[in-house]
Amino acid sequence: MPVMTCGSKLAHLLETYGVSHVFGIPGVHNVELYRGLWQTGIRHVSPRHEQGAGFMADGYARASGRPGVAIVITGPGLTNIATAMGQAYGDSVPLLLISSVNRRHELGLGKGYLHELQNQRNLSAGVTAFTHTLQRASELEDVLAAAFAVFNSSRPRPVNIEIPIDIGESKDEFDPAAARAVRTTAPGPDPAAIAEAAALLKAQKRVAILAGGGAVKAADQVARLAGRLKAPVVTTTNARGLLPVDHPLNALFGIAYDEGRAVLDEAGAVLAIGTEFGETDYDYYSSGPLRPKAPLVRIDIDPRMIALGPRAAVGLVADSGLAVEASIGRSGPSRRASATRAGR
């Protein structure tokens with residue numbers, strides 16, 4: 001069995017998860033990871049500043065649909081990238097941060113070690129889904145699998161894996177040829193809830209759709225469902241481009257304007273997909289929180305979002321694409337709309 005450092009092993013494991021680009025700045029604390037990168041096909045991009053690495057990884061994730069990966073040194077590397085991490089956290093962007101930290105026996109002593117922080121892990125906790133400090137090289141596979149499970153199977157947000165210098169330098173048996181990624185799938189919707197939601201939407205003559213950042217990977221499904229329901233689609237900032245600008249159902253009116261809200265008030269039902277109902281999308285003119293008057297169906301992968309904000313008549317905790325796809329076959333033209341076209 002080949003033997004290599006934990007830092008080199010991490011580079012090979014990233015490749016098994018399909019990582020092709022990383023953004024970062026090498027230093028004495030993370031040099032072992034960089035020694036492993038050249039053995040892989042991963043392309044490294046160097047910014048001038050760690051904050052740039054964070055925003056590059058964020059932009060890469062948004063553009064590619066794959067997790068962005070950033071590498072920083074201990075202390076100032078983490079504090080510099082924290083702003084980008086906070087943005088990725090707020091916008092639900094999958095971003096993996098690999099940060100070095102002082103040796104395990106040096107942590108929390110306040111003896112002035114290079115780049116020492118009082119508690120680096122706690123500093124990153126507020127802008128990540130989770131932060132883990134490796135205590136042994138053998139933990140790496142499990143922690144990396146947990147990170148990609150967050151990216152693929154729940155609300156995607158940054159994850160920080162801290163590697164103490166002594167762990168990064170420690171050697172372990174590892175065969176890159178035998179390495180396998182742990183694959184997880186996104187949660188599907190409850191069939192009974194889908195049936196209830198579809199019946200509610202189909203019964204209405206006018207349905208409006210609100211699509212947020214959680215719907216960006218379900219563009220085709222949202223377009224097809226909107227077409228079946230003849231429903232205008234209002235997109236938040238993070239969902240811009242979900243429908244082409246010239247799409248007949250792309251509602252370009254501002255939902256934060258009184259005029260936009262008036263259009264929404266005329267709907268018989270509202271379907272909200274992957275949106276928080278936050279003030280930055282719906283209340284930037286201080287008109288008050290958006291509260292649809294019509295029955296509301298909410299789809300979100302994060303159960304906490306459905307529990308907060310406007311109360312839903314039906315709340316579907318599921319991946320947006322899977323939930324909308326399941327609704328399409330059940331949500332043909334509404335009965336009332338059909339009756340109107342038939343002149344009845």
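Visitor: Which element gives the largest share of the largest nonpolar core?

Guide: In this predicted model, the largest nonpolar core holds 34 residues, and L10, L14, L96, I98, L134, L144 and I161 have the most contacts inside it. Two or more residues come from each of helix 1 (6–16), helix 2 (31–37), strand 4 (68–72), strand 5 (95–101), helix 6 (140–153) and strand 7 (159–164). The largest share is eight residues, and the element that gives them is helix 6.

Visitor: What does L14 touch, leaving out residues up to four places away in sequence?

Guide: L14 is among the residues with the most contacts inside the largest core. With those sequence neighbours left out, the residues that L14 touches are V19, I42, V69, L96 and L144.

Visitor: How many residues are in the second, separate core?

Guide: This core is separate from the one around L14 and its partners, and its members include L200, L243, I273 and V324. Its residue count is 30.

Visitor: How many residues apart are Y17 and F148?

Guide: The model has four aromatic pairs. One of them is Y17 with F148, a stacked pair at 4.4 Å centre to centre with 15° between the planes. Y17 lies in the loop between helix 1 and strand 2 (21–24), while F148 belongs to helix 6, so the pair links distant parts of the chain. Along the sequence, Y17 and F148 are separated by 131 residues.

Visitor: Are Y17 and F148 buried or exposed, and which residue joins them in one aromatic cluster?

Guide: Both Y17 and F148 are buried. The aromatic cluster that holds these two has one further member, F151.

Visitor: Is the pair of F23 and Y60 stacked or tilted?

Guide: F23 sits in strand 2 and Y60 in helix 3 (residues 50–64), 37 residues apart. Both are buried. Their rings lie 5.8 Å apart, centre to centre, and the angle between the planes is 55°. Stacked pairs need planes under 30 degrees apart and edge-to-face pairs over 60, so this pair counts as tilted.

Visitor: Which ring does the charged end of R157 sit over?

Guide: The charged end of R157 is 3.9 Å from the centre of a ring. That ring belongs to Y89.

Visitor: Which strands are the edge strands of the open sheet?

Guide: The sheet has six strands in the order 3-2-4-5-7-6, with parallel pairing. Its twist averages 20° from one strand to the next. An edge strand pairs on one side only, and the two that do so are strand 3 (43–45) and strand 6 (130–133).

Visitor: What is the bridge partner of G68 in strand 5?

Guide: Strand 4 and strand 5 run parallel and are joined by five bridges. In strand 5, the partner of G68 is L95.

Visitor: What angle does the direction of helix 4 make with that of strand 5?

Guide: Helix 4 (residues 76–90) packs on the sheet and touches strand 4, strand 5 and strand 7. Its direction makes an angle with that of strand 5 of about 165°.

Visitor: Why is T236 called buried?

Guide: T236 lies in the loop between strand 10 (233–235) and helix 10 (258–265). Leaving aside neighbours within four places in sequence, T236 is in contact with A211, G212, G213, T275, D281 and Y282. Buried means under 20% relative accessible area. T236 is therefore buried, because its value is 5%.

Terms used. Residues are numbered from 1 along each chain as its sequence is written. This is a predicted model: local features need pLDDT of at least 70, side-chain atom pairs count only at pLDDT 80 or more; totals for chains, interfaces and linings use all residues. Side-chain values use heavy atoms; hydrogens and water are left out. A nonpolar core is a set of buried Ala, Val, Leu, Ile, Met, Phe, Trp, Tyr and Cys residues joined through side-chain atoms within 4.5 Å. Buried means under 20% relative accessible area, exposed over 50%, partly exposed in between (1.4 Å probe, protein chains only). Helices (H or I, at least four residues) and strands (E, at least two) are DSSP runs, numbered from the N terminus. Contact means heavy atoms within 4.5 Å. Rings of Phe, Tyr and Trp (its six-membered ring) pair if their centres lie within 6.5 Å; planes under 30 degrees apart count as stacked, over 60 as edge-to-face and the rest as tilted. A charge sits over a ring if NZ of Lys or CZ of Arg is within 6 Å of the ring centre and within 35 degrees of the ring normal. Two strands pair if DSSP finds at least two bridges between them. Axes are lines fitted to C-alpha atoms, for helices over the stretch in contact, and angles run from 0 to 180 degrees between N-to-C directions.
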